[in-house]
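Please look at the sequence and the structure below, and then read on for a short report on how two of the chains meet and on one helix.

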Protein chains: 4
Amino acid sequence: MREDDVKPDEAAAAPRLVRKRDSAGTRARILNVATREFANKGFEGAKTDDIADRARINKRMIYHYFSSKEQLYLAVLEAVYDQARSAEHRLDLERLEPLDALARFVEFTFDSFVRDRTFINLLATENRQRAKVLKKSDRVNTMNSPIIAAIDGILKAGVDKGTIRPGLDALQLWITITGVCYFFFSNIYTLSVIFDTDFEKPDVISERRAHVVDFVLRGVKA
Amino acid sequence: MREDDVKPDEAAAAPRLVRKRDSAGTRARILNVATREFANKGFEGAKTDDIADRARINKRMIYHYFSSKEQLYLAVLEAVYDQARSAEHRLDLERLEPLDALARFVEFTFDSFVRDRTFINLLATENRQRAKVLKKSDRVNTMNSPIIAAIDGILKAGVDKGTIRPGLDALQLWITITGVCYFFFSNIYTLSVIFDTDFEKPDVISERRAHVVDFVLRGVKA
Amino acid sequence: MREDDVKPDEAAAAPRLVRKRDSAGTRARILNVATREFANKGFEGAKTDDIADRARINKRMIYHYFSSKEQLYLAVLEAVYDQARSAEHRLDLERLEPLDALARFVEFTFDSFVRDRTFINLLATENRQRAKVLKKSDRVNTMNSPIIAAIDGILKAGVDKGTIRPGLDALQLWITITGVCYFFFSNIYTLSVIFDTDFEKPDVISERRAHVVDFVLRGVKA
Amino acid sequence: MREDDVKPDEAAAAPRLVRKRDSAGTRARILNVATREFANKGFEGAKTDDIADRARINKRMIYHYFSSKEQLYLAVLEAVYDQARSAEHRLDLERLEPLDALARFVEFTFDSFVRDRTFINLLATENRQRAKVLKKSDRVNTMNSPIIAAIDGILKAGVDKGTIRPGLDALQLWITITGVCYFFFSNIYTLSVIFDTDFEKPDVISERRAHVVDFVLRGVKA
DNA sequence: AATGAATGAGGATTCATTCAT
DNA sequence: AATGAATGAATCCTCATTCAT
């Protein structure tokens with residue numbers, strides 16, 4: 001039972017002979033490759049040998065920079081949460097009309113999964129092991145508060161303007177929006193089998209996108 | 001990195017010396033234990049040794065009845081889909097008013113995850129490996145059509161009666177409902193860390209349940 | 001590293017439902033299949049499961065009739081030696097002119113390997129394990145004396161008639177004749193690779209046959 | 001059914017604690033031990049665990065240096081063919097009179113099997129599996145051409161000088177010479193049982209040797 | 001900083017054989 | 001006579017990690 005092998009990494013492959021004692025580069029290359037490996041194969045399925053091979057570094061370097069497979073995996077999780085948060089940060093929702101801001105957030109969330117399911121895969125792995133590793137992070141928690149605060153602001157503004165119904169909780173809404181986007185992608189392979197359809201086709205995806213935006217706005221409007 | 005071990009299986013433990021040559025029983029016991037193992041540890045993380053120990057059978061029997069770890073895992077997937085489908089079947093939504101029927105379906109979906117996250121865990125594993133194994137099943141696909149047909153019937157009835165807005169697609173709605181319930185549970189561990197809250201507490205869960213039912217009905221009403 | 005699988009046995013396949021409690025038939029079928037299995041895969045490579053499957057009998061029957069894998073293997077060896085001896089017996093060399101008799105024996109030996117390499121394969125296996133099993137037979141030894149006696153008679157007659165040179169030992173000659181035929185077939189696969197030729201082609205075989213007969217007669221003539 | 005165990009390897013035993021990180025040495029030791037194991041037990045009968053134990057290396061090293069049991073076995077085959085070829089090379093037959101050269105080649109072939117039956121045993125195994133592994137070698141084929149060319153030269157010279165009869169084919173003669181020596185050793189255990197004699201006794205062996213040389217020369221002389 | 005060699009504890013799977021009917 | 005269930009000891013191979021340089 002072997003996963004489809006990830007292709008050799010072009011970005012990583014390049015500076016083979018040139019590079020010598022490039023601390024930051026080596027570390028970054030390990031992290032990049034490890035992110036893909038853990039996302040594609042899960043924690044147990046990812047092999048340190050493969051990561052070393054694909055990163056074109058000596059296996060010993062993994063331990064030099066990250067101490068253990070688990071620590072490397074945690075570094076991957078933290079990096080990926082960082083990226084997600086800073087992408088949200090760049091959204092700049094405050095300047096939009098409340099309903100437009102929500103629509104944009106839904107689209108942003110949905111599209112982020114269209115581009116890349118790395119985050120979803122890592123979270124699947126981490127939840128299967130009950131967040132055992134993520135719990136050990138001292139950087140990750142409260143990382144998501146800004147987006148909840150932003151949504152809270154939008155809701156309040158919308159209620160004030162009469163465009164959004166009162167009584168909505170920002171955290172619940174965030175979970176709902178994320179979930180309604182997330183599930184389609186997190187389960188896209190089994191859904192494709194069960195419904196005997198290829199859910200990855202662009203038109204299926206854009207149909208889904210339209211439904212999600214419409215549905216969320218419906219549920220939120222005054 | 002070892003998962004918290006599943007507790008020894010009481011059901012399985014009982015008839016140690018009494019049982020002899022109980023074909024159906026042995027098979028069933030393997031399947032039960034394997035379901036929990038694969039759900040708790042994923043495909044790679046589950047160990048045939050552990051399954052054999054916990055099922056209190058000789059390891060060789062796994063191969064006698066299921067040929068390989070992968071086939072055993074597929075049998076688990078099929079069994080679990082079967083159960084899900086027959087639970088849906090018992091719902092008997094047709095007799096209710098359209099909006100009530102939808103509410104009941106949402107509650108049923110949500111509650112099924114409250115009781116048992118086995119299905120969620122297995123799907124997480126299976127999606128991480130791109131449904132590689134599920135694809136090989138010749139029993140699973142189209143298994144879910146009945147529920148889509150049922151929802152379609154509800155939507156049509158609701159539109160006729162003027163209680164449900166027109167233009168909704170049954171499959172999209174099913175994905176939305178399932179997703180809005182599913183994500184909360186599939187990601188409950190990482191969410192708990194990120195938001196520094198215990199999302200498993202009963203009052204958090206029932207708050208979430210109320211929100212979901214309310215939100216779906218809002219999105220559906222005429 | 002899996003051997004080319006032997007095809008399902010038509011002879012054995014037939015009387016599936018008809019046969020019931022056919023002691024001699026069951027035993028014979030096991031022996032037939034086992035002969036092929038041991039010849040094709042060696043002692044270690046032959047699997048009792050496969051033998052049972054191909055003989056279409058319950059695995060337990062092997063133990064019923066033959067006690068163990070090793071005993072079954074010994075029965076195969078004995079049967080195969082029996083057949084070889086009785087084929088030699090039918091040769092009836094005494095009535096021919098000494099040189100013709102030798103020529104005929106060479107051809108017979110050579111042709112017996114063309115038809116069937118079962119014997120060669122079994123002997124290869126048995127010699128690799130230093131005749132450990134054959135030693136345990138109380139039927140096999142001295143089985144080959146008749147042919148040596150026959151050759152001895154031929155040599156003496158030929159010397160008397162002046163057609164065969166004196167000083168030849170019957171046993172040495174038997175080994176030489178057998179060896180000169182045997183080696184070509186026992187090593188036909190590696191020879192084919194080493195010399196990059198297909199030694200199994202009919203014309204290659206008949207060229208070899210002519211050489212062998214010619215060479216032996218040359219070595220023997222007065 | 002366990003083969004007589006090979007005695008612990010003195011050569012390998014020595015530098016237990018001293019040796020550290022000796023790449024070439026480790027590889028060579030594995031290859032040596034594996035050669036004996038495969039020769040004594042065949043491919044299926046040889047156990048990687050035993051090889052590791054006897055080579056006094058960690059089992060993992062076998063896979064480090066040779067990737068798999070089959071690759072290790074192929075390396076053994078190639079090494080053994082290499083040795084055979086270079087021994088032939090050292091023979092330097094060209095300087096001798098044609099008949100003496102052939103006599104010497106026969107004696108050399110015979111004696112090589114007296115010293116060591118490793119090669120015979122490995123070929124027995126490999127032929128039983130139809131040269132499946134040897135076929136995969138890209139180094140082995142055409143390895144034996146030099147000796148055929150040498151014999152061809154001898155035959156031509158002998159014919160020219162009138163000491164060797166015309167019409168002999170070098171390849172056929174090589175097969176005949178090899179076979180006439182080989183069979184006695186490849187089947188020495190079963191022959192000993194069948195003829196109830198110990199064919200390994202020195203005087204039996206030298207009697208055989210004299211016969212073979214005499215017989216080949218007879219078959220070749222003008 | 002970087003490397004290749006080395007390790008020990010598993011991991012899935014196979015196998016000849018025996019048990020209970 | 002015949003069967004399917006059950007067993008325990010191997011067997012090849014893998015993996016995260018450490019050693020020596």
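Between chain D and chain C, 19 residue pairs, both at pLDDT 80 or more, are in polar contact, that is, a pair of N or O atoms within 3.5 Å, where within protein one must be able to donate a hydrogen and the other to accept it, and residues adjacent in sequence count only if both atoms are side-chain atoms. The largest share of the side of chain D that touches chain C, 13 residues, comes from α9(D), where helices are DSSP runs (H or I, at least four residues) numbered from the N terminus.

This is a predicted model, in which local features need pLDDT of at least 70, side-chain atom pairs count only at pLDDT 80 or more, and totals for chains, interfaces and linings use all residues. Residues are numbered from 1 along each chain as its sequence is written, chains are lettered from A and ligands numbered from 1 in the order in which they are written, and side-chain values use heavy atoms, with hydrogens and water left out.

The table lists counts between the two chains.

| Item | Value |
|---|---|
| Residues of chain D in contact (heavy atoms within 4.5 Å) with chain C | 68 residues |
| Residues of chain C in contact with chain D | 67 residues |
| Salt bridges (Lys or Arg side-chain nitrogen within 4 Å of an Asp or Glu carboxyl oxygen) between chain D and chain C | 2 salt bridges |

One salt bridge joins the side chains of D:Arg165 and C:Asp214, at 3.1 Å from N to O.

Helix α8 of chain D, residues 145–161, has 17 residues, and D:Gly162, whose phi is positive, near 80°, follows α8(D).

Definitions and conventions
Helix = DSSP H or I, 4+ residues; strand = E, 2+ residues; numbered from the N terminus. Expected span 1.5 Å × (residues − 1).
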